[in-house]
Amino acid sequence: MTSLPTHTEKKLGLVIDLDICVGCHACVTACKGWNDQGYGAPLSDQKPYGDEPEGTFLNRVHSFEITPENGPAQIVHFPKSCLHCDDAPCVTVCPTGASYKRSEDGIVLVNEDACIGCGLCAWACPYGAREMDQAAGIMKKCTLCVDRIYNENLPEADREPACVRTCPTGARAFGDLADPTSAVSKSVADRGGFDLMPELGTKPVNQYLFPRIKDFEGDLDVLSPLLDIQPEATGISGWLDKLLGKL
Amino acid sequence: MNPAPSVILFTVLSGAGFGLLGFLGLGVISPTGLIAFSYFTLAFAMAVGGLLASTLHLGNPRNALKAFSQWQTSWLSREAWLAVLTLAVMGLYAIGAIFFGKHLSVLGILGADLSFLTVFATSMIYAQLKTVPRWNQWLTPLLFLSFSLSAATMLTAQNGLAVAPLAVTGVLLILHWLSGDKRFSASGSTIETATGLGGIGKVRLLAPPHTGSNYLMKEMIYVVGRKHALRLRWITLALAVVLPALILLLAPASVLTTALAFILHLIGAFAARWLFFAEAEHVVGLYYGKR
Amino acid sequence: MNQPKINLSPAVSDEIRQTTCYMCACRCGINVHIKGGEVSYIEGNRDHPVNKGVLCAKGSAGIMQHNAPSRLRAPLKRTGPRGSGEFTEISWEEALTLATEWLKPIRDTAPERLAFFTGRDQSQSFTSWWAQAYGTPNYAAHGGFCSVNMAAAGIYTMGGAFWEFGQPDWDRTKLFMIFGVAEDHDSNPIKIGLGKLKKRGAKVIGVNPIRSGYNAVADDWVGITPGTDGLFILALVHELLKAGKIDLDYLARWTNAPVLIDCDPKSPRHGLLLRDGDGKDLVIDSKTGKPAPFDQKGVRPDLGGKHRTKGVTHVTVFQRMAERYLLPEYGPEAVAEQTGIPAARIRRIAAELADVAFNQAIEIKQEWTDFRGETHKTMTGRPVSFHAMRGISAHSNGFQTARALHMLQILLGSVETPGGFRFKPPYPKPATAHPKPHCKVTPGKPLDGPHLGYPQGPDDLCLTPDGQPARIDKAFTWENPMSAHGLMHMVISNAHAGDPYKIDTLFLYMANMAWNSSMNTRGVIDMLTDTDANGDYVIPRIIYSDAYSSEMVAYADLILPDTTYLERHDCISLLDRPICEAEAAADAIRWPVVEPDRDVRGFQSVLCDLGHRLRLPGFVAEDGSAKFKDYADYMVNHQRRPGVGPLIGWRGTDGQSTGRGEVNPDQLDRYIENGGFAVAHIPQAAQFYKPWNKAYQDWAVQIGLYDAPQPYLFQLYAEPLRRFQLAAEGQGSRQPPEHLRERIKATLDPLPIWYPPFEDGHSDPVEYPVHALTQRPMAMYHSWGSQNAWLRQIHGHNPLYVPTDIWEANAFTEGDWAEVTSPHGTITVPVALMAALNPSTVWTWNAIGKRKGAWALDDAAPEATRGFLLNHLIHELLPPKGDGLRWTNSDPVTGQAAWFDLRVKIRKVPAPTESHPVLPPIKSPVGKGSARKIPEVKK
Ligand SMILES: Nc1nc2c(c(=O)[nH]1)N[C@H]1C(S)=C(S)[C@@H](COP(=O)(O)OP(=O)(O)OC[C@H]3O[C@@H](n4cnc5c(=O)[nH]c(N)nc54)[C@H](O)[C@@H]3O)O[C@H]1N2
Ligand SMILES: Nc1nc2c(c(=O)[nH]1)N[C@H]1C(S)=C(S)[C@@H](COP(=O)(O)OP(=O)(O)OC[C@H]3O[C@@H](n4cnc5c(=O)[nH]c(N)nc54)[C@H](O)[C@@H]3O)O[C@H]1N2
Ligand code: SF4
Ligand code: SF4
Ligand code: SF4
Ligand code: SF4
Ligand code: SF4
Ligand SMILES: [Mo]
């Protein structure tokens with residue numbers, strides 16, 4: 001099953017709006033919380049109260065600083081989890097078949113019962129989306145909350161990934177990117193969604209939306225029409241008369 | 001990449017072991033009886049030892065057998081098959097040689113092919129990874145194979161001859177380093193393509209996602225100082241190629257000289273492999289501001 | 001394809017229990033999933049008015065706080081010296097008996113010798129009631145060091161502030177300006193709101209020296225120099241006034257801009273507002289040209305009105321504003337250098353504000369009637385809105401800066417209009433409708449009224465008959481007359497100094513005063529452990545309630561261990577700081593969704609018990625038994641005024657009334673059924689113009705927010721300030737001490753002004769050229785977060801972020817350390833480069849640094865070895881100046897701690913092994929945590 005499906009009916013994935021993400025890490029701990037008690041082995045932490053606390057997270061938020069040619073530097077908060085690539089190299093390298101891409105919806109998963117913890121899939125993933133759990137010795141990755149999105153024990157409204165449900169700004173959206181009429185596909189079309197590291201040919205399903213243009217310094221002069229009531233010219237009382245004359 | 005001892009042991013020892021098996025299979029030397037026994041023991045010990053070392057790298061070795069399932073797509077799976085087939089075929093061949101003084105050349109040649117294919121498959125585990133540009137080049141399998149051949153030639157005591165593969169290895173090592181140094185930039189992956197934010201300006205990491213470390217950082221991001229790496233390259237060249245070659249050329253041929261040369265070579269090979277990992281940069285480092 | 005079959009519908013949990021988050025003070029609704037009797041997962045409650053389903057990083061990590069190994073396990077009595085962390089566990093009976101033995105004699109003789117301060121308290125209406133019954137004047141919560149400038153400026157100016165008092169009209173606003181906010185209390189609502197704005201393509205302008213978080217997503221970033229926002233705002237006001245781009249109709253109708261000022265310099269009321277015989281503010285009616293009370297039916301107040309009597313011309317507030325703010329010193333050119341914002345940029349922003357407010361005005365077809373009886377067909381919206389928080393308030397000029405910002409909002413007509421800023425019930429509520437402070441102590445008896453309030457002038461100060469401060473924190477004195485939230489940051493140093501008097505027992509709740517909530521941390525630790533000539537502690541007794549093994553625990557004599565937020569009843573009441581939204585009043589509860597597995601008790605329940613043991617009025621039933629079994633009992637049965645209790649939902653014997661109504665014994669069950677909260681929607685016609693809208697006023701009376709309608713005008717001109725100024729000018733019988741006269745005259749101006757932060761006048765700006773700030777990390781709550789195994793991986797240590805110029809000047813490289821020195825102290829800390837930063841500012845995350853041994857963490861925890869506090873550099877007193885006095889590092893109006901006035905210098909030093917100062921470890925009474933609880937694997 002290590003070969004990739006030639007075609008998936010749906011391409012379920014996330015669209016992350018870099019214009020909106022404030023870097024709050026809510027999606028990080030919501031993901032940890034759900035997956036700690038959900039799909040497969042819990043996400044362990046090593047030395048949780050010790051000198052070098054370190055654990056498994058399926059979604060992490062980086063912060064980048066970008067300095068334009070002109071204008072002040074900008075900060076972009078950058079959440080990253082598995083992009084559920086169409087051409088997922090993590091799947092094809094897997095020797096056990098534990099890594100696979102679901103043919104029905106394109107979700108890339110690890111079958112923990114088959115994983116030997118060789119780490120090769122993590123090496124093959126350009127995005128750092130796979131983390132080997134140090135307690136279980138098993139490869140963990142974003143499941144796109146496959147145990148939520150179809151879960152009949154959850155109310156309809158909750159059948160979305162935990163990270164999307166919790167994101168306070170609404171910077172994360174979940175949907176079918178194969179369906180051009182879906183809200184996610186539309187936002188990708190409108191806002192020019194882009195692939196991460198397109199040069200590697202992984203064809204990520206998850207898309208990122210570019211931050212809007214910042215610090216725009218164009219002309220805007222709605223103050224000048226009224227400047228004929230310049231106080232310097234008329235004194236305060238003249239200014240006041242003219243101003244109140246408008247009432 | 002993290003130069004984990006288990007993978008270094010695995011690739012170096014199994015490379016040498018399968019190389020030797022290959023040479024034995026090819027009949028470069030055709031020992032029998034006790035001598036054959038010691039040759040095969042050495043070859044099997046290195047090959048199997050390397051393979052065993054590789055399992056130390058597994059988080060969940062209980063499932064190891066499943067690793068044979070994906071030979072159609074996975075180089076690791078192929079390597080597993082090839083290794084086992086090689087060991088099986090060469091095992092039969094060895095039995096013939098040791099106990100019956102017979103060299104079943106059909107088996108031998110098949111085994112030799114499998115041996116070198118195994119080494120090739122091992123190398124392809126690394127060479128296939130676009131995410132590690134330094135490895136992702138044709139020189140990688142060549143280098144693995146030439147190391148394998150060098151070890152095999154030295155061990156089969158082809159003294160003068162061994163200098164040739166050693167020289168090739170030296171050249172390949174240098175080429176692999178030099179071209180490897182350029183691979184990352186040539187791959188086109190930058191922090192700008194990684195983030196897609198290059199359109200705004202120059203991108204740098206302001207803060208990593210967590211102040212603590214994580215599996216990815218430990219596994220994929222290993223930083224060796226440039227100076228340190230350069231010094232190690234010289235040492236590697238000296239140990240893996242120059243010294244063994246000089247010993248083989250200048251010292252009188254004997255088991256002892258061969259052993260000495262081989263041990264030096266092996267240490268050099270470990271150093272080379274250490275560098276092979278330590279110097280290799282994974283593109284994920286871009287997200288962590290490393291590179 | 002033999003893709004494995006997986007269970008797509010695994011069971012999620014056995015049960016969901018809905019309560020209120022307390023990983024911070026935002027108070028979101030949570031669904032707590034319970035599996036096998038234990039908490040298994042926490043998510044947001046979609047129906048909750050605050051968070052509408054979302055949760056922040058802390059909220060989702062609540063399970064790790066609830067299970068943290070740092071939780072206290074039983075009452076503790078100190079056995080070693082203070083600060084050693086040596087304790088013995090005792091029973092509750094022993095603990096409460098001891099506390100009663102300490103507190104009873106003081107109450108009977110000198111109740112002021114108890115100082116009861118409750119840090120991050122969400123039950124202030126209850127704890128203050130307890131303190132009032134006890135009879136000590138020394139009560140406050142943490143507001144004084146937090147953001148009282150914001151609260152006080154807002155309430156004095158417009159009867160409500162940003163913060164928890166109101167919010168932008170997120171659905172309609174088109175231009176949003178956010179000043180000095182990293183996270184704020186309203187964290188999820190702000191994030192939800194920002195998301196809405198961005199999706200609608202509305203513009204966001206961030207004013208902040210640091211471009212992270214909200215400022216990172218802002219469309220425009222104004223990287224202002226710290227402490228100069230007032231100047232920037234007044235320059236915007238200057239431009240808008242000059243161009244006449246202000247809402248004159250709004251000003252005339254709803255504000256005191258048209259009210260006449262007594263302009264007679266010889267009058268004892270000089271500068272106060274003119275009033276008629278009924279005490280009503282006077283305006284000139286433009287129809288008659290005659291003075292008239294502002295609220296007279298049909299009156300059209302004239303902004304330019306003048307009233308001439310007895311040879312004096314009395315002019316309007318508006319006239320005074322024009323005279324002041326049109327001065328060239330408030331022009332963009334004049335302020336550009338100091339604020340670090342180019343004049344053209346200031347003009348452009350002023351133009352954008354004007355453009356959106358006036359050219360893009362919106363109108364809602366909604367008829368409404370104002371308090372003058374006039375009916376309006378529509379509601380006009382000025383879709384510009386503002387928000388601000390500690391970036392402007394935690395400076396010594398913060399009160400006036402916040403006032404300036406409110407003035408700007410009001411000039412634009414964007415308060416309580418569609419698209420602008422909207423109050424949340426119980427606000428709007430003018431300063432005059434709040435209580436005044438009370439401080440009259442009678443041994444054995446309750447205090448004469450609520451401790452905290454809004455003074456209207458010198459008569460309301462808390463002074464003893466001989467003019468000395470009545471309160472230990474010197475709140476409501478000439479040093480900071482309008483200190484509406486008290487000055488928690490001064491309690492320990494004043495108590496230690498015995499100035500104004502000595503105390504016997506310091507009783508603290510939920511405030512880590514030995515660490516991150518103190519200025520001058522090291523000094524405070526010394527004060528807490530200092531002994532007198534007899535070897536007795538200078539602060540004789542310290543009782544403390546914490547839930548966790550914090551730094552402060554080690555410095556107390558008696559510890560009353562609290563539960564976690566999932567194990568107790570709590571009441572988020574309209575009587576203090578509710579969770580309302582602009583469209584609705586709302587309150588909420590917490591209830592024990594799991595029972596504690598340790599010998600701990602909810603602090604409020606403990607106070608009920610203590611209140612009974614001390615025989616405090618209100619806590620003893622007629623038969624002498626305890627009036628309230630526990631806090632839950634109080635929440636249901638206590639009534640402040642007849643029919644008005646802590647909770648508004650399901651009142652009345654039938655549970656059908658909202659707001660007012662008799663006690664309903666089943667009230668908590670109804671709350672639990674409803675997800676832990678109650679909502680009372682504001683009628684459509686009452687949604688805007690609330691201070692003047694008859695429909696709103698009537699609704700507010702109906703649900704019990706007030707007892708009679710109380711329409712009022714926005715106080716652009718704040719008369720109470722003028723009353724203090726008048727005193728400083730020599731008027732009246734209560735006179736300030738000489739050394740404070742000039743400062744009061746200069747800073748308590750009734751119209752917003754700007755003056756440089758005090759520290760600038762005390763520390764040499766040349767010697768200390770760099771501003772040093774802290775910011776709240778969104779994924780951490782003060783000191784609490786570090787005990788959380790998930791959150792501490794995100795913020796386990798904190799670098800000092802340094803702007804490019806300073807970075808290059810010091811030739812810093814990655815991994816370097818710097819020595820940072822203020823006039824008060826030195827720290828040595830790791831540095832990191834940040835270009836998106838004001839060029840004279842350095843900053844770090846707040847409260848990441850931890851004391852070794854605290855929080856059940858390893859002594860080598862990164863929080864303790866690389867983490868650091870800026871607090872070591874900040875003193876509660878300003879550096880000495882020529883006058884020989886040590887001025888407090890506070891706002892002169894409110895006493896707000898001026899955390900962000902800090903100035904430092906910085907230089908590269910070789911990397912030490914640990915950040916400095918290094919304090920010796922303390923012993924944790926709960927030991928160290930090792931493994932975390934791992935939930936069972938679900939198949
Ligand atoms: N440098 C610098 N210092 C600052 C600030 C700054 O901006 N910069 N900000 C200041 C401000 S605004 C504030 S509000 C203060 C906040 O500082 P603190 O008031 O000290 O706040 P916390 O660290 O949140 O914790 C208070 C204590 O409450 C305890 N606690 C937590 N949960 C519970 C509970 O359920 N019950 C009980 N009884 N106790 C509990 C915690 O363990 C902790 O010991 O810090 C101030 N300090
Ligand atoms: N996650 C989380 N949320 C919290 C808290 C927490 O600890 N963690 N604490 C709660 C508490 S107690 C409080 S008081 C609130 C405080 O909420 P905020 O007011 O957001 O508090 P700070 O983080 O102190 O942020 C102050 C901001 O002002 C900026 N600033 C400093 N000086 C100036 C200035 O002169 N001008 C301008 N324009 N900006 C300036 C700083 O860069 C910073 O961004 O947050 C509450 N919410
Ligand atoms: S992001 Fe990485 S782990 Fe996910 S599908 Fe793509 S390559 Fe595989
Ligand atoms: S770690 Fe597991 S999933 Fe990844 S390649 Fe190895 S066996 Fe496959
Ligand atoms: S989709 Fe689910 S598993 Fe993936 S990042 Fe979001 S919460 Fe984590
Ligand atoms: S929860 Fe949303 S806003 Fe917060 S870091 Fe994640 S994507 Fe960004
Ligand atoms: S903002 Fe976060 S921590 Fe605060 S109450 Fe809401 S969810 Fe809890
Ligand atoms: Mo605060």
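Biologist: Before we look at chain A and chain C, what does buried area mean here?
Modeller: Buried area is the accessible area, with a 1.4 Å probe, that two parts lose on being put together, summed over both. Keep in mind that this is a predicted model.

Biologist: Okay, so how much do chain A and chain C bury between them?
Modeller: About 7600 Å², and carbon and sulfur atoms account for 60% of it.

Biologist: How many residues does that contact take from each chain?
Modeller: Chain A puts in 89 residues and chain C puts in 96.

Biologist: And how many salt bridges are there between chain A and chain C?
Modeller: The count is five. One of them joins A:Asp19 to C:Lys198, where the closest N and O atoms are 3.2 Å apart.

Biologist: How many residue pairs are in polar contact across the interface of chain A and chain C?
Modeller: The rule finds 34, counting pairs with both residues at pLDDT 80 or more.

Biologist: Which element of chain A gives the most to the side that touches chain C?
Modeller: That's α1(A), with eight residues. Elements of chain A that each supply at least two residues to that side include α1 (26-36), β5 (74-80) and α7 (231-245).

Biologist: What's the mix by class on the side of chain A that touches chain C?
Modeller: You get 44 nonpolar, 21 polar and 24 charged residues there.

Biologist: Switching over to chain C and chain B: how many residues are in contact?
Modeller: Eleven residues of chain C are in contact with eight residues of chain B. The area buried between these two chains is about 680 Å², with 48% of it from carbon and sulfur atoms.

Biologist: Which three residues supply 51% of the area that chain C buries against chain B?
Modeller: C:Gln793, C:Ile794 and C:Leu833, and no other three residues supply as much.

Biologist: Which side chains meet in a salt bridge there?
Modeller: B:Lys290 and C:Glu814 do, at 3.6 Å from N to O. The rule finds one salt bridge across the interface of chain C and chain B. For polar contact, the count is five residue pairs, both residues being at pLDDT 80 or more.

Biologist: Which helix of chain C gives the largest share of the side that touches chain B?
Modeller: Helix α25 (residues 791-794) does, with three residues.

Biologist: Last one: how does the side of chain C that touches chain B split by class?
Modeller: There are five nonpolar, four polar and two charged residues on that side of chain C.

How values were computed: Residues are numbered from 1 along each chain as its sequence is written. Chains are lettered from A and ligands numbered from 1 in the order in which they are written. This is a predicted model: local features need pLDDT of at least 70, side-chain atom pairs count only at pLDDT 80 or more; totals for chains, interfaces and linings use all residues. Side-chain values use heavy atoms; hydrogens and water are left out. Contact means heavy atoms within 4.5 Å. A salt bridge is a side-chain nitrogen of Lys or Arg within 4 Å of a carboxyl oxygen of Asp or Glu. A polar contact is a pair of N or O atoms within 3.5 Å; within protein, one must be able to donate a hydrogen and the other to accept it, and residues adjacent in sequence count only if both atoms are side-chain atoms. Helices (H or I, at least four residues) and strands (E, at least two) are DSSP runs, numbered from the N terminus. Ala, Val, Leu, Ile, Met, Phe, Trp, Tyr, Cys and Pro count as nonpolar, Asp, Glu, Lys and Arg as charged, and the others, Gly among them, as polar.
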